[in-house]
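Q: Could you take a close look at one part of this model for me, the place where two helices pack, and then follow it to whatever lies beside it?

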Amino acid sequence: MEKFTADVIKIIESIPSGNVMTYGQIAKCAGNPRGARQVSRILHSMSKKHNLPWHRVINAEGKITIRDEEMAQVQKMSLEAEGIVFPNGYQIDLDKYQHRI
């Protein structure tokens, strides 16, 4: 496994319940500020294998970006179960919920 991939997995595993991080934020913390799409691919391919809290990763605008409506609803409900509030449909207040490392 490449270092970037391993670092991304560790970062995602470290996101506490009730908090989120953005794809770009994770990429930057893992050493590749332009690697947001790589983070997305890692989540897609390794979430089950590593039991990652994939639902805690959102875009830089605080929005859920999953195109599949059913999975977007699963992500939203998972975050709501952790106490995150969505005042604007599928968007949260990053100032309130974003985890910083």
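A: On the H1 side, Phe4, Thr5, Val8, Ile9, Ile12 and Glu13 do the touching, and they meet Gln38, Val39, Ile42, Leu43, Met46 and His50 of H3. By type, the residues of this contact split into eight nonpolar, three polar and one charged. Bear in mind that the model is predicted.

Now for the geometry. Two packed helices are described by the angle between their axes and the distance between the axes. Here H1, which covers residues 3–13, packs against H3 at about 70°, and the axes are 10 Å apart. An angle from 65 to 115 degrees counts as roughly perpendicular, so H1 and H3 are roughly perpendicular to each other. Their crossing is right-handed.

H3 (36–50) has another job in the picture: along with helix H4 (69–81), it gives at least two residues to the lining of the largest pocket. In fact H3 provides the largest share of that lining, with eight residues. The lining has 16 residues in total, and those nearest the pocket's centre are Tyr23, Ser40, Leu43, His44 and Ile66. Leu43 is worth a second glance, since this residue is also on the H3 side of the contact with H1. As for chemistry, the lining comprises seven nonpolar, six polar and three charged residues. The space inside the largest pocket comes to about 610 Å³.

Methods: Residues are numbered from 1 along each chain as its sequence is written. This is a predicted model: local features need pLDDT of at least 70, side-chain atom pairs count only at pLDDT 80 or more; totals for chains, interfaces and linings use all residues. Side-chain values use heavy atoms; hydrogens and water are left out. On a 1 Å grid over the protein atoms alone, a cavity is a set of points where a 1.4 Å probe fits but cannot get out, and a pocket is an open set with protein on both sides within 12 Å along at least five of seven lines; lining residues have an atom within 4 Å of a point. Grid points are joined across faces, edges and corners, and a volume is the space filled by probe spheres set on the points. Helices (H or I, at least four residues) and strands (E, at least two) are DSSP runs, numbered from the N terminus. Ala, Val, Leu, Ile, Met, Phe, Trp, Tyr, Cys and Pro count as nonpolar, Asp, Glu, Lys and Arg as charged, and the others, Gly among them, as polar. Axes are lines fitted to C-alpha atoms, for helices over the stretch in contact, and angles run from 0 to 180 degrees between N-to-C directions. Angles under 35 degrees count as roughly parallel, over 145 as roughly antiparallel, 65 to 115 as roughly perpendicular and the rest as oblique. A crossing is left-handed if the near helix is turned anticlockwise from the far one by less than a right angle, and right-handed if clockwise. Contact means heavy atoms within 4.5 Å.
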